[in-house]
Amino acid sequence: MAERFTFINQGKGGETHQRADGDTPVMTTPQGAPVADNQNSLKGGTRGPTLLEDHVLREKIFKFDHERIPERVVHARGMGAKGYFENYGDLSDITCADLFQRAGEQTEVFVRFSTVAGNKGSADLARDVRGFATKLYTREGNWDLVGNNIPVFFIQDAMKFPDLVHAAKQEPDRGFPQAQTAHDNFWDFATLSPESVHMLMWTMSDRAIPRSFRFMEGFGVHSFRFVNSRGESKFVKFHWKPLQGLQSVVWNEALKINGADPDFHRRDLWDAIQSGDYPEWELGVQVFDDEFADQFEFDILDATKIIPEEQVPVRPIGKMVLNRVVDNFFAETEQVAFCTQNIVRGIDHSNDPLLQGRNFSYLDTQLKRLGSPNFTNIPVNAPRCPVHHLLQDGHMTMKNPTGRVNYEPNSWEPEAAGPRESPETAFQSHPTPVEGVKERVRSELFADHYSQARQFYISQTDIEKRHIKNAFVFELSKVERLDIRERMVSHLLNVDDDLARDVGKGLGLKEMPEAAEAAMTPRTDLPESPALSIILNGPKSFKGRKVGVLVSEGVDAALFAKLKEAVEAEGAKLAVVAPTIGGVKDSDGNALAADEKVDGGPSVVFDAVVLLPSEENVDELAKDATARDFVDDAFAHCKFIGYSPAASKLFDSVGLTAMLDDGCVSLNGPGDTSKFIEACRVLRYWPREEKVDRF
Ligand code: HDD
């Protein structure tokens, strides 16, 4: 405990002050002077004025006044975690990056997941892109792979980034809406920038409402380069694939989770790691040469395009395991500074104009946020390998450099001369030829904005297609200007006719607009890519998921015990939801502790639910509106519902009795519990959706 509050071990003569009781450290001022009274300021007389002389008070308030730093201009809300990357094998044929040379070698990692548009205090389940930023502390310096959970981006050139972000965030006059793109400015900008159409398909899909950070993919987005020790180079795209499988929530659920638990994603990651259920992602690479790049249908430097996995398979090269939460949110999650420019020998940038702009922006923003070019000395940012350079001084210098030499070349004797260059082990830019005239242009090859948007759409299951249509209708229904709504539909006509017509219908358009003018005729011959669907890439088991069990006094003890056993055998978790947080007595008269009171644990925060009221108390439960919502929402969100015979009264209370389907599993005896958990493995009972989704 003492360490938690001990900021600097002062070294010589600087032992931590110890209190007489020996257990707790002495509280000091930041200058190290012991504090006598942390409750009262220094006054001139018992009821007199506080004295300016009170340096203890002034220093305490001063430190407090400066606690906040500017929040990130985008990705303000995030959650960090720590772990390691384990390399699968020797990749020296394609890259000399040190971390990829030896099978089984581990490299320390820090990850920050985030939403993009919302402020630091916004809710986790916004419909938004998720940031997936990784810092790998390699033996040859830090490598930051600053990606998202979507493999394409809204824009092709960094020049457009400030406008994109301004349009997406709160409107400047009113300061709202918070953490959502469902407003005029965003859709105005997006529809005037047809290059965003592919990304819009992804953000209107369930990818933008993940169930958890643990169940989403990550992508480096850009094409990078791998370079081997012979100086040969190939292009590479990076993918993080969750070994937990993909999973998202449904939109109505997301809206409700934001109210029930705005920290849903943060809490989920924290709880999983703290309980030893460490999330894992495989790092995969799509490696391709210049010849492939030249014959590929699209420009591999265009960040609005993917290379379908069916065309260039993703080769797994290692695994990341997140097995530690942060020690301190501010010190680590807030102060971590990712920079796309941080790459290491064996990896290089490409000419993607978005990446080129990013390489300036990240370093610049860290100076603004962290206040000093010495931010690389903050523990979470400091390389784990030795650092020797002759750069010096600046705000918050943390090291005491010794000696006389701070320049190079110099002719001092080797012990005093300081560090020297090392071309053999250093990062070297791959010598790609550069030619052309200076001009502000976009390559003509970037002009196809619709073909891959269509490919994404046709690769979805019918359920996912429905969700995409609904999302467009929801977002555009919040847009006040009819011409903007119509403009979006005019773009969708270049993607898929059915999609456009259904969205037009959902918006109540009297007439369909003309298709938007396309710079290049959209292709309709690109094949489906099953890798783009979430449902087709779901988990194999119910592991890592959570079942909410609604109980009342007198809950069947044997059934509950069997259920718990089946849930835990699957590697899932069970939470007891009861009328009061004091819990209930089960049918054997034993106390059953509650994890949530029913209004604090609505069904939206669980992956599946079980209704276990007792015959004696079910009527009482059915009178409670939040208990009824629990059942109604679970059904509406296509969740699997296990239920004991007495639960029929709960179904009656919400008018569902006649609608019960195969997703509702009756638990007549303890043997049925395993049957229920097996059913849950597909996560949702989707055939129900058509019956409950009317608009
Ligand atoms: Fe960015 C943060 C990902 C384009 C400028 N970005 C930021 C973070 C992620 C991304 C995950 C949060 C890092 C963290 O957790 O601290 N950004 C992307 C991806 C992009 C992208 C995948 C496109 C492929 N970004 C992009 C462009 C620019 C920026 C084109 C500017 C030209 N991004 C920033 C930034 C941020 C940032 C302003 C805000 C806070 C920070 O950097 O540290 O510099």
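Two strands pair if DSSP finds at least two bridges between them. Helices (H or I, at least four residues) and strands (E, at least two) are DSSP runs, numbered from the N terminus. This is a predicted model, where local features need pLDDT of at least 70, side-chain atom pairs count only at pLDDT 80 or more, and totals for chains, interfaces and linings use all residues. Residues are numbered from 1 along each chain as its sequence is written.

**Exercise 1.** Find the bridge partner of R225 in β7, then follow β6 to β10.

*Solution.* Start with β6 (residues 224-227) and β7 (residues 233-242): they run antiparallel and are joined by 4 bridges. Look along β7 and you'll find F235 as the partner of R225. Now check the hairpin between them: 5 residues separate the strands, and G231 there has a positive phi near 85 degrees. Finally, go to β10 (residues 347-348), which is antiparallel to β6 and shares 2 bridges with it. Here F226 has I347 as its bridge partner.

**Exercise 2.** Work out the strand order of the open sheet of 6 strands, and say which helices pack on the sheet.

*Solution.* Reading across, you get β15-β12-β11-β16-β17-β18, with parallel pairing. The edges are β15 (596-597) and β18 (664-666), each of which pairs on one side only. Next, zoom in on β11 (residues 546-551) and β16 (residues 608-612), a parallel pair with 5 bridges. In that pair, V549 sits opposite V610 of β16. Now add helix α17 (residues 625-636), which packs on the sheet and touches β11, β16 and β17 (641-643). Its direction makes about 135 degrees with that of β16 (axes are lines fitted to C-alpha atoms, for helices over the stretch in contact, and angles run from 0 to 180 degrees between N-to-C directions). Then there's helix α19 (residues 672-680), touching β16, β17 and β18, with its direction at about 165 degrees to that of β18.

**Exercise 3.** Which residues does V549 touch, not counting residues up to four places away in sequence?

*Solution.* Contact means that the C-beta atoms, placed from the backbone, lie within 7 Å. By that rule, V549 touches L563, L574, A575, V576, V577, V610 and L612.

**Exercise 4.** Locate the catalase core in the chain.

*Solution.* An unreviewed UniProt entry places the feature "domain: Catalase core" at residues 28-416; such annotations may be inferred rather than shown by experiment. Over residues 28-416 the chain is 23% helix and 19% strand. The end C-alpha atoms of that stretch are 39 Å apart.

Definitions and conventions. Two residues are in contact if their C-beta atoms, placed from the backbone, lie within 7 Å.
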